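Here are a few exercises to work through with the model open. Try each task before you read its solution.

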Amino acid sequence: MSEAGKKALILGATGAVGKTLLREVLLADTYKSVTTIGRREVKLDDSIPQSKLVQKTVDFDNLEASRKEMKGYEDVFCCLGTTRADAGSAEAFKKIDHDYVVNSAKIIAEENPGTDGGLSPVHFLYCSSGAANKNSPFLYLQSKGQTEEDLINVGFKRVSIFRPGYLQIEEKRPQARIADSILSKFMGFTRAVGWRLDVPVAVVGRAMLHAATHPVDATGKLGKTSSQFIENPEIEVTGA
């Protein structure tokens, strides 16, 4: 099926990456329809075409009540996530960063089943983080790594996982973070000496769209999820 006849779903479209992804998807005009699901609607500039956009709000603590909203998509982009500081505690962070993502994915797979009980034909594209590792001593990277593993085991035919470097955001955060200020200056230094450890959020969004519209050949055993990891250097190339 061509993208023109496909429907896309975006989870977490209000965040830094999700909002730019939504913008790029709408500007590309490659899908029959684009639906966002989140805790609130996304506010977009009037210059962005929105005739194909449908926005739905859900309670991620009660996703069972929103099952019907998860049905009928070929490509699902997930940019759900937070930080421990924004979540308020480690427990709240893990609930948003891992549980909301994996629980949503499970319902999407169940509501979009494959033929004869096989893998869901949905292509699930998830924005993770560089250095994600479930065994990391750092909570953020540990959560991302565990989420990656769990998504691959949900039951989709294809899962694409993006591991961007430090994100260059387009909009100022509601509350300034000291760590962000320090990292931003450090990234400026690394660019000056020829290293590139960061990436603009718009580039990540375009890379995710590129992976959806140019999927790699599925590999692996029949009936097994085809997983692809896209690291920061490749994100920069495909999202340029």
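**Exercise 1. Find what S128 touches beyond its sequence neighbours, and say whether S128 is buried or exposed.**

Solution. Keep in mind that this is a predicted model.
- Step 1: skip the neighbours within four places in sequence; S128 then has contacts with K144, E148, I161, F162, R163 and P164.
- Step 2: place the residue. S128 sits in the loop between β5 and α4.
- Step 3: check the surface. The relative accessible area of S128 is 4%, and the cut-off for buried is under 20%, so S128 is buried.
- Step 4: look for side-chain polar contacts. One runs from the S128 side chain to the side chain of E148, at 2.7 Å.

**Exercise 2. Test the length of helix α4 against the expected rise, then work out which of its residues are buried and what covers them.**

Solution.
- Step 1: α4 covers residues 139–152, which makes 14 residues. At 1.5 Å a residue the span should be 20 Å, and the end C-alpha atoms are indeed 20 Å apart, so the two agree.
- Step 2: list the buried residues of α4: L141, S143, K144, G145, T147, E148 and L151.
- Step 3: recall the helix geometry. With 3.6 residues a turn, residues three or four places apart in an α-helix point the same way.
- Step 4: look at the cover. Over the buried residues of α4 you'll find, among others, α3 (90–111), β5 (120–127), β6 (156–163) and β9 (226–231).
- Step 5: link back to the loop. Two of the buried residues, K144 and E148, are also contacts of S128.

**Exercise 3. Two loop residues, D29 and A131, have a positive phi; where do they lie, and how accessible are they?**

Solution.
- Step 1: recall the background. Most residues other than glycine have a negative phi.
- Step 2: take D29. Its phi is near 55 degrees, and D29 belongs to the loop between α1 (16–28) and β2 (33–38). With a relative accessible area of 47%, D29 is partly exposed.
- Step 3: take A131. Phi is about 70 degrees here, again not a glycine, and A131 is in the loop between β5 and α4. A131 counts as exposed, at 53% relative accessibility, since the cut-off is over 50%.

**Exercise 4. Sum up the whole chain: how many helices and strands does it have, and what share of its residues is buried?**

Solution.
- Step 1: count the elements, and you get seven helices and nine strands.
- Step 2: of the 240 residues, 45% count as buried.
- Step 3: turn to the surface. The accessible area is about 12400 Å², with 52% belonging to carbon and sulfur atoms.

How values were computed. Residues are numbered from 1 along each chain as its sequence is written. This is a predicted model: local features need pLDDT of at least 70, side-chain atom pairs count only at pLDDT 80 or more; totals for chains, interfaces and linings use all residues. Side-chain values use heavy atoms; hydrogens and water are left out. Helices (H or I, at least four residues) and strands (E, at least two) are DSSP runs, numbered from the N terminus. Buried means under 20% relative accessible area, exposed over 50%, partly exposed in between (1.4 Å probe, protein chains only). Accessible areas come from the Shrake-Rupley method with a 1.4 Å probe; for residues, only the protein chains shown count as cover. The expected span of a helix is 1.5 Å times one less than its number of residues. Contact means heavy atoms within 4.5 Å. A polar contact is a pair of N or O atoms within 3.5 Å; within protein, one must be able to donate a hydrogen and the other to accept it, and residues adjacent in sequence count only if both atoms are side-chain atoms.
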